[in-house]
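Reader: Please take me through the sheet of this model, strand by strand. Then place it in the rest of the fold.

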Amino acid sequence: MLARDLAAEQLRRRIENGELKADSALPSERELAEMLGVSRMTVRVAIEQLAGEGLLVRRPNRRTLVAGDKISRSASFMSFSEEMQARGWRPHSVVRQMTTAVADVAVAAQLNLEVGAKVIYLERLRFADDEPLALERVHLPYARFAGLFSFDLAQRSLYALMEQEFGVRPVLAEESVEAVLLSTEEAEIFGVAPGAPALLTRRITHDSEGRVVEAATSLYRGDRYRMALVRRR
(Lines give C-alpha, C1' and ligand atoms only; values in the text may rest on other atoms or scores of the structure.)
Protein backbone atom coordinates (compact mmCIF):
# COMPACT_ATOMS: atom_id res chain seq x y z
CA MET A 1 0.00 0.00 0.00
CA LEU A 2 1.29 3.48 -0.90
CA ALA A 3 2.26 5.92 1.84
CA ARG A 4 -0.59 8.24 0.89
CA ASP A 5 -3.11 5.40 1.19
CA LEU A 6 -1.68 4.39 4.58
CA ALA A 7 -1.90 7.98 5.78
CA ALA A 8 -5.48 8.27 4.52
CA GLU A 9 -6.41 5.02 6.27
CA GLN A 10 -4.89 6.21 9.56
CA LEU A 11 -6.81 9.48 9.34
CA ARG A 12 -10.00 7.62 8.43
CA ARG A 13 -9.67 5.41 11.53
CA ARG A 14 -9.06 8.42 13.78
CA ILE A 15 -12.22 10.03 12.40
CA GLU A 16 -14.30 6.87 12.76
CA ASN A 17 -13.20 6.19 16.35
CA GLY A 18 -13.86 9.80 17.37
CA GLU A 19 -10.25 10.79 18.01
CA LEU A 20 -10.75 13.48 15.37
CA LYS A 21 -14.17 14.81 16.28
CA ALA A 22 -16.94 15.82 13.88
CA ASP A 23 -17.01 19.53 12.96
CA SER A 24 -13.57 20.11 14.53
CA ALA A 25 -10.63 21.64 12.67
CA LEU A 26 -8.02 19.21 11.41
CA PRO A 27 -4.50 19.67 12.86
CA SER A 28 -2.02 21.42 10.59
CA GLU A 29 -0.22 19.47 7.86
CA ARG A 30 3.00 19.71 9.88
CA GLU A 31 1.33 18.28 12.98
CA LEU A 32 -0.32 15.50 10.97
CA ALA A 33 2.96 14.63 9.26
CA GLU A 34 4.63 14.21 12.66
CA MET A 35 1.63 12.28 14.03
CA LEU A 36 1.52 9.85 11.08
CA GLY A 37 5.25 9.66 10.40
CA VAL A 38 4.99 10.78 6.76
CA SER A 39 5.88 13.84 4.69
CA ARG A 40 3.67 16.91 4.48
CA MET A 41 3.13 16.22 0.77
CA THR A 42 1.80 12.74 1.64
CA VAL A 43 -0.50 14.28 4.24
CA ARG A 44 -1.76 16.79 1.67
CA VAL A 45 -2.64 14.02 -0.79
CA ALA A 46 -4.35 11.97 1.95
CA ILE A 47 -6.44 14.99 2.96
CA GLU A 48 -7.54 15.50 -0.65
CA GLN A 49 -8.52 11.83 -0.83
CA LEU A 50 -10.65 11.99 2.32
CA ALA A 51 -12.20 15.27 1.22
CA GLY A 52 -13.24 13.53 -1.98
CA GLU A 53 -14.90 10.83 0.14
CA GLY A 54 -16.79 13.47 2.13
CA LEU A 55 -15.01 12.72 5.42
CA LEU A 56 -13.24 16.07 5.43
CA VAL A 57 -14.49 19.50 4.34
CA ARG A 58 -12.15 22.04 2.76
CA ARG A 59 -13.07 25.65 3.60
CA PRO A 60 -12.21 28.62 1.37
CA ASN A 61 -10.08 30.10 4.19
CA ARG A 62 -7.89 26.96 3.90
CA ARG A 63 -9.20 25.40 7.10
CA THR A 64 -10.05 21.73 6.87
CA LEU A 65 -12.80 20.35 9.09
CA VAL A 66 -13.84 16.84 9.99
CA ALA A 67 -17.27 16.38 8.41
CA GLY A 68 -20.24 16.32 10.76
CA ASP A 69 -22.59 13.37 11.13
CA LYS A 70 -24.44 12.77 7.88
CA ILE A 71 -28.17 13.21 7.51
CA SER A 72 -29.83 10.19 5.94
CA ARG A 73 -32.37 11.10 3.29
CA SER A 74 -34.82 8.23 3.42
CA ALA A 75 -37.18 7.04 0.73
CA SER A 76 -40.14 8.45 2.68
CA PHE A 77 -41.79 11.53 1.14
CA MET A 78 -41.13 14.45 3.48
CA SER A 79 -40.42 18.11 2.86
CA PHE A 80 -37.10 19.62 3.93
CA SER A 81 -38.88 21.45 6.77
CA GLU A 82 -40.54 18.26 8.00
CA GLU A 83 -37.23 16.35 7.91
CA MET A 84 -35.38 19.00 9.91
CA GLN A 85 -38.18 19.43 12.46
CA ALA A 86 -38.26 15.65 12.97
CA ARG A 87 -34.57 15.87 13.92
CA GLY A 88 -35.18 18.69 16.36
CA TRP A 89 -33.59 21.37 14.17
CA ARG A 90 -35.02 24.72 13.15
CA PRO A 91 -35.55 24.90 9.37
CA HIS A 92 -35.52 28.22 7.57
CA SER A 93 -34.54 29.52 4.17
CA VAL A 94 -32.97 32.43 2.36
CA VAL A 95 -35.04 33.19 -0.73
CA ARG A 96 -32.43 33.94 -3.37
CA GLN A 97 -34.96 34.48 -6.13
CA MET A 98 -38.73 34.29 -6.60
CA THR A 99 -40.12 35.50 -9.89
CA THR A 100 -42.39 34.70 -12.79
CA ALA A 101 -40.85 33.10 -15.85
CA VAL A 102 -41.77 31.52 -19.16
CA ALA A 103 -41.60 27.73 -19.43
CA ASP A 104 -38.99 26.52 -21.88
CA VAL A 105 -39.24 23.12 -23.54
CA ALA A 106 -37.77 21.22 -20.57
CA VAL A 107 -39.83 22.93 -17.85
CA ALA A 108 -43.01 22.72 -19.92
CA ALA A 109 -42.52 18.98 -20.40
CA GLN A 110 -41.89 18.45 -16.67
CA LEU A 111 -44.98 20.42 -15.59
CA ASN A 112 -47.22 19.20 -18.43
CA LEU A 113 -47.68 22.75 -19.68
CA GLU A 114 -47.49 24.44 -23.06
CA VAL A 115 -44.12 25.89 -24.03
CA GLY A 116 -44.24 29.57 -23.12
CA ALA A 117 -46.71 29.09 -20.29
CA LYS A 118 -46.26 31.29 -17.22
CA VAL A 119 -44.50 29.63 -14.27
CA ILE A 120 -43.09 30.59 -10.89
CA TYR A 121 -39.36 30.17 -10.35
CA LEU A 122 -38.28 29.84 -6.71
CA GLU A 123 -34.68 29.45 -5.53
CA ARG A 124 -33.98 28.96 -1.83
CA LEU A 125 -30.94 28.16 0.28
CA ARG A 126 -32.22 25.79 2.97
CA PHE A 127 -30.81 25.88 6.52
CA ALA A 128 -31.00 23.62 9.57
CA ASP A 129 -30.49 25.93 12.53
CA ASP A 130 -27.77 28.17 11.04
CA GLU A 131 -26.06 25.67 8.73
CA PRO A 132 -26.74 25.80 4.96
CA LEU A 133 -27.51 22.27 3.78
CA ALA A 134 -29.35 22.44 0.47
CA LEU A 135 -29.85 24.73 -2.53
CA GLU A 136 -33.29 24.25 -4.02
CA ARG A 137 -34.53 25.45 -7.43
CA VAL A 138 -38.25 24.95 -8.11
CA HIS A 139 -40.63 25.62 -10.99
CA LEU A 140 -44.38 25.73 -10.26
CA PRO A 141 -47.45 26.30 -12.47
CA TYR A 142 -48.32 30.00 -12.14
CA ALA A 143 -52.03 29.42 -12.80
CA ARG A 144 -52.34 27.27 -9.68
CA PHE A 145 -49.96 29.05 -7.29
CA ALA A 146 -49.89 32.74 -8.20
CA GLY A 147 -50.92 33.51 -4.62
CA LEU A 148 -47.58 32.24 -3.30
CA PHE A 149 -46.10 35.71 -3.78
CA SER A 150 -48.17 36.84 -0.77
CA PHE A 151 -46.35 34.49 1.61
CA ASP A 152 -42.95 34.46 3.28
CA LEU A 153 -41.19 31.44 1.77
CA ALA A 154 -38.17 32.06 4.01
CA GLN A 155 -40.06 30.75 7.03
CA ARG A 156 -42.89 28.68 5.58
CA SER A 157 -42.85 25.17 4.12
CA LEU A 158 -43.85 25.16 0.45
CA TYR A 159 -45.73 21.87 0.80
CA ALA A 160 -47.55 23.10 3.91
CA LEU A 161 -48.63 26.23 2.02
CA MET A 162 -49.85 24.12 -0.89
CA GLU A 163 -52.11 22.16 1.46
CA GLN A 164 -53.24 24.92 3.80
CA GLU A 165 -53.70 27.80 1.36
CA PHE A 166 -54.31 26.17 -2.03
CA GLY A 167 -55.98 22.87 -1.16
CA VAL A 168 -53.27 20.95 -3.03
CA ARG A 169 -51.79 17.88 -1.35
CA PRO A 170 -48.43 16.65 -2.72
CA VAL A 171 -48.50 12.86 -2.42
CA LEU A 172 -46.05 11.37 -4.93
CA ALA A 173 -42.55 12.36 -6.01
CA GLU A 174 -40.48 10.83 -8.79
CA GLU A 175 -36.87 11.58 -7.88
CA SER A 176 -33.45 10.79 -9.32
CA VAL A 177 -30.16 11.23 -7.45
CA GLU A 178 -26.63 11.60 -8.76
CA ALA A 179 -23.25 12.47 -7.28
CA VAL A 180 -21.74 15.76 -8.49
CA LEU A 181 -18.99 18.23 -7.60
CA LEU A 182 -19.89 21.76 -6.59
CA SER A 183 -18.99 24.56 -8.98
CA THR A 184 -17.10 27.59 -7.71
CA GLU A 185 -20.34 29.57 -7.43
CA GLU A 186 -22.22 26.76 -5.68
CA ALA A 187 -19.34 26.13 -3.27
CA GLU A 188 -19.26 29.82 -2.37
CA ILE A 189 -22.97 29.69 -1.52
CA PHE A 190 -22.40 26.80 0.91
CA GLY A 191 -19.11 28.17 2.25
CA VAL A 192 -17.08 25.13 1.18
CA ALA A 193 -14.24 24.60 -1.30
CA PRO A 194 -14.96 24.30 -5.05
CA GLY A 195 -15.13 20.71 -6.19
CA ALA A 196 -16.62 19.50 -2.88
CA PRO A 197 -18.95 16.49 -3.30
CA ALA A 198 -22.71 16.97 -3.43
CA LEU A 199 -25.89 15.07 -4.19
CA LEU A 200 -28.05 16.44 -7.01
CA THR A 201 -31.70 15.42 -6.98
CA ARG A 202 -34.29 16.03 -9.68
CA ARG A 203 -37.90 15.73 -8.52
CA ILE A 204 -41.31 15.80 -10.19
CA THR A 205 -44.12 16.05 -7.63
CA HIS A 206 -47.77 15.07 -8.14
CA ASP A 207 -50.85 15.93 -6.13
CA SER A 208 -53.60 13.60 -4.95
CA GLU A 209 -55.31 13.97 -8.34
CA GLY A 210 -52.20 12.95 -10.24
CA ARG A 211 -51.44 16.45 -11.56
CA VAL A 212 -47.86 17.73 -11.58
CA VAL A 213 -47.43 20.54 -9.07
CA GLU A 214 -43.66 20.98 -8.96
CA ALA A 215 -40.45 20.39 -10.92
CA ALA A 216 -37.43 20.80 -8.66
CA THR A 217 -33.69 20.30 -8.56
CA SER A 218 -31.86 20.34 -5.24
CA LEU A 219 -28.19 20.29 -4.30
CA TYR A 220 -27.38 18.65 -0.97
CA ARG A 221 -23.95 18.95 0.63
CA GLY A 222 -22.13 15.65 0.24
CA ASP A 223 -20.33 16.07 3.57
CA ARG A 224 -23.68 16.29 5.37
CA TYR A 225 -25.97 13.94 3.44
CA ARG A 226 -26.26 10.29 2.52
CA MET A 227 -29.12 8.51 0.77
CA ALA A 228 -30.83 5.73 2.75
CA LEU A 229 -33.04 3.29 0.84
CA VAL A 230 -35.17 0.36 1.90
CA ARG A 231 -35.46 -2.31 -0.79
CA ARG A 232 -37.63 -5.41 -0.65
CA ARG A 233 -37.56 -8.37 -2.99
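**The sheet and its surroundings**

Author: E4 and strand E5 (residues 118-128) are paired antiparallel, with 11 bridges between them. At one point of this pairing, Val 102 faces Lys 118 in E5. Note that the model is predicted.

Now the sheet that holds this pair. It is open and has 6 strands. Their order is E4-E5-E6-E9-E8-E7, and the pairing is antiparallel. Strand E4 (91-102) and strand E7 (170-181) stand at the edges. Each has a single partner strand, so one side of each is left without a neighbour in the sheet. From one strand to the next, the twist averages 15°.

Step from E5 to E6. These two strands are antiparallel as well, and 10 bridges link them. Tyr 121 sits opposite His 139 in E6. E5 and E6 form a hairpin, with 2 residues between them. One residue of the turn deserves a look: Asp 129 has a positive phi of about 55°.

Strand E6 (residues 131-141) is mostly covered. Of its 11 residues, 9 are buried. A general point applies to strands like these. In a regular strand, side chains alternate between the two faces of the sheet.

On to the next pairing. E6 and E9 run antiparallel and share 6 bridges. Here Glu 136 stands across from Ser 218 in E9.

Ser 218 is a good place to stop. It belongs to strand E9 (residues 212-221). Is Ser 218 buried or exposed? Its relative accessibility is 2%, so Ser 218 counts as buried. Setting aside residues up to four places away in sequence, Ser 218 touches Leu 135, Glu 136, Leu 199, Leu 200, Thr 201 and Arg 203. Glu 136 is thus on two lists: it touches Ser 218, and it stands opposite Ser 218 in the pairing of E6 with E9.

Go back to the E4 side for a second serine. Ser 81 lies in helix H4 (residues 80-86). Its relative accessible area is 9%, which means that Ser 81 is buried. Beyond residues up to four places away in sequence, Ser 81 touches Pro 91, Arg 126 and Ser 157. Pro 91 falls in E4, which covers 91-102. Arg 126 falls in E5, residues 118-128. Ser 81 of H4 therefore touches both of these strands through those two residues.

Next, the helices. Start with helix H1 (residues 3-16), which contains Leu 11. The relative accessibility of Leu 11 is 1%, so this residue counts as buried. Leaving out neighbours within four places in sequence, Leu 11 is in contact with Leu 20, Leu 32, Leu 36, Ala 46, Ile 47 and Leu 50. Ala 25 is 14 residues from Leu 11 along the chain. Their C-alpha atoms are separated by 13 Å.

How do H1 and H3 meet? The axes of H1 and helix H3 (residues 40-52) come within 8 Å, and they cross at roughly 55°. The two helices are therefore oblique to each other. The crossing of H1 past H3 is right-handed. H1 brings Ala 3, Arg 4, Asp 5, Ala 7, Ala 8, Leu 11, Arg 12 and Ile 15 to the contact. H3 brings Thr 42, Val 45, Ala 46, Ile 47, Gln 49 and Leu 50. By class, these residues are 9 nonpolar, 2 polar and 3 charged.

H3 also packs against helix H2 (residues 29-36). Their axes are 9 Å apart, at an angle of about 100°. H2 and H3 are therefore roughly perpendicular to each other. On the H2 side, the contact is made by Glu 29, Arg 30, Leu 32 and Ala 33. On the H3 side, it is made by Arg 40, Val 43, Arg 44 and Ile 47. This contact has 4 nonpolar and 4 charged residues, and no polar ones. Ile 47 takes part in the contact with H2 and in the contact with H1. Leu 32 of H2 is also among the residues that Leu 11 contacts.

Finally, the whole protein. It has 8 helices and 10 strands. The C-alpha trace spans about 65 × 40 × 30 Å along its principal axes. Of the 233 residues, 44% count as buried. Take the contacts between residues at least 6 apart in sequence: 59% of them join residues at least 24 apart.

How values were computed. Residues are numbered from 1 along each chain as its sequence is written. This is a predicted model: local features need pLDDT of at least 70, side-chain atom pairs count only at pLDDT 80 or more; totals for chains, interfaces and linings use all residues. Side-chain values use heavy atoms; hydrogens and water are left out. Helices (H or I, at least four residues) and strands (E, at least two) are DSSP runs, numbered from the N terminus. Buried means under 20% relative accessible area, exposed over 50%, partly exposed in between (1.4 Å probe, protein chains only). Contact means heavy atoms within 4.5 Å. Two strands pair if DSSP finds at least two bridges between them. Axes are lines fitted to C-alpha atoms, for helices over the stretch in contact, and angles run from 0 to 180 degrees between N-to-C directions. Angles under 35 degrees count as roughly parallel, over 145 as roughly antiparallel, 65 to 115 as roughly perpendicular and the rest as oblique. A crossing is left-handed if the near helix is turned anticlockwise from the far one by less than a right angle, and right-handed if clockwise. Ala, Val, Leu, Ile, Met, Phe, Trp, Tyr, Cys and Pro count as nonpolar, Asp, Glu, Lys and Arg as charged, and the others, Gly among them, as polar.
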